[in-house]
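Reader: Please walk me through this model at the bench level. Keep the answers short.

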Amino acid sequence: DGYGDPQGALPLRRAICEYVRQSRSVICTPEQIVVTCGTQQGLYLAAQILLDAGDRAWVEDPAYPGVTALFTTALRDRQMVRVPVGDEGIDVDAGRMMAPDARAAFVTPSHQYPLGMPMSMAQRTALLGWAQAHNAWIVEDDYDSEMRYDGHPFPALQGQDPARVIYLGTFSKVLFPSLRLGYAIVPPALVGAFCGARILMDRHPPNADQYVLAQFMAEGHLARHLRRMRSLYADKRRVVIDAVSRHIAAGLAELQPCDQGMHMVLWLRRGLDDRHIERLAQEAGVSVRALSPMYAVGHGRSGLILGLGGYGDRQVEQAVITLNQLLQTAQNLRR
C-alpha cells in the first residue's frame, strides 16, 4: 500500500464531520478536516501556520502545559501573552489591554484547562468580536467536551464563527491515548497550509487505525461508548467529591466546583506548596499533579489536579486519606 492522504482517510473525515455536527454544533465539511496524531500536533500546526516570527498570541493563564511548552521551546520566535482566566473563562478585556494586536488566541472554551469552568456567552462574544476586529484567529481546544454530567454543554465556539476559528478535537481522552488520532477543523483557506505542514512533519496518520475508527463511529459504537463513559465518570466524580468531603480536614483544601471533564481541582490552603505535595504524594503512591506551574511565573496559586479515571473506588478513597495525611504533615511543619 502506498502513502495515505495527508489530510486523513475520507471515511474518517466524513464520520468526524457528522459526529461534531451532531454533538458540538460545529459547522464544517469533510474537506475542512485534517486528521492529526492528537491535539498536541494540532496545536503545533496551528501555531506554526497562523503566527510569523515576532507575532503575539494570547494563551490562557493558567493553561495546558502542552501549549505553553510550544512557545518556550519549538516556537520561541513567537511571543506568548498570558491572559488571566476568571470565573467566566479568559478575560478578553485583559487580553485587549495586554496585546490588542495579537494574531491568535489559544483557548479551551468548553472546559477550561486546568480550572474547569466553561467560557461564558459574554466572554465568547467578546472574544469573537476582538478576533473579527483585529483579523485574528481563535484556536479552540475542545479536548474533553464529551464528559459533561449536568445539563447540556455549550456548543463549540467554532459554530459561532467558522471562518475565524480553528477547532481541535481528540480521541485520546474518550478512547485511549495510544490511538494517536485527533483532528483539526480549519477554514477552507487554511486547509492547504495545514496539509503542507502535515506532510513535512509525518506524512499522514496511521491508515489502518483510521479506517477502523471510521467504521466504529459509523456503526454507532462511539456514541454508545460515550454514554457508558459519561455514566462511569459521573460515578467517579461523585466518589472523589464524597472522599474529599469526608477525609480532607476542613481548612486544608477545597474542591473547585465543576460539572464536567475527567479531572477536578483541589485548591490548597495558602502556604502549602503544591509541588512539594506532588512529590510527597508520588513517593506515597498517589498520583496528583501540581497546578501552580501551569500559571505564568509569579501568578501561580497552589492546587492539585485530581484525575477521575484509572482507579477503583476503594483506591480513590485510600488515596484521599493518604493525601490528607500528607497535607496535615506539611501544615504542621509550617507551624
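Questions and answers on cores, buried polar residues and empty space follow.

Reader: What kind of model is this, and how are residues numbered?

Author: Side-chain values use heavy atoms, with hydrogens and water left out, and residues are numbered from 1 along each chain as its sequence is written. Local features need pLDDT of at least 70, side-chain atom pairs count only at pLDDT 80 or more, totals for chains, interfaces and linings use all residues, and the model is predicted.

Reader: Which helix gives the most to the largest nonpolar core?

Author: A nonpolar core is a set of buried Ala, Val, Leu, Ile, Met, Phe, Trp, Tyr and Cys residues joined through side-chain atoms within 4.5 Å. Here the largest has 53 residues, and I16, F171 and L306 are among those with the most contacts inside it. Helices (H or I, at least four residues) and strands (E, at least two) are DSSP runs, numbered from the N terminus. The top contributor, with eight residues, is helix α8 (residues 221–247).

Reader: How many residues are in the other core, the one with L45 and C195?

Author: That core lies apart from the largest one. Its members include L45, L50, L75 and C195, and its count is 27 residues.

Reader: Is D61 buried or exposed?

Author: D61 sits in strand β2 (residues 56–61). Buried means under 20% relative accessible area, exposed over 50%, partly exposed in between (1.4 Å probe, protein chains only). D61 has a relative accessible area of 4%, so D61 is buried.

Reader: Which side chain makes a polar contact with the side chain of D61?

Author: Contact means heavy atoms within 4.5 Å. Beyond neighbours within four places in sequence, D61 is in contact with residues including R82, P84, Y295 and H299. A polar contact is stricter in kind: a pair of N or O atoms within 3.5 Å; within protein, one must be able to donate a hydrogen and the other to accept it, and residues adjacent in sequence count only if both atoms are side-chain atoms. At 3.3 Å, the partner side chain is that of R82.

Reader: How far apart in space are D61 and Y295?

Author: In sequence, 234 residues separate them. From C-alpha to C-alpha, the distance is 5.3 Å.

Reader: Which side chains make polar contacts with the side chain of S110?

Author: S110 lies in the loop between β5 and α5 (121–134). S110 counts as buried because its relative accessibility is 6%. One polar contact, of 2.6 Å, is with the side chain of R24. Another, of 2.8 Å, is with the side chain of D142.

Reader: What is the volume of the largest cavity?

Author: On a 1 Å grid over the protein atoms alone, a cavity is a set of points where a 1.4 Å probe fits but cannot get out; lining residues have an atom within 4 Å of a point. Grid points are joined across faces, edges and corners, and a volume is the space filled by probe spheres set on the points. The structure holds one cavity of 30 Å³ or more. The largest cavity has a volume of about 90 Å³.

Reader: Which element gives the most to the lining of the largest pocket?

Author: A pocket is an open set of grid points with protein on both sides within 12 Å along at least five of seven lines. The largest has a volume of about 610 Å³. Of its 26 lining residues, S287, L306, G307, L308 and Y311 are the closest to its centre. With five lining residues, the top contributor is α10.
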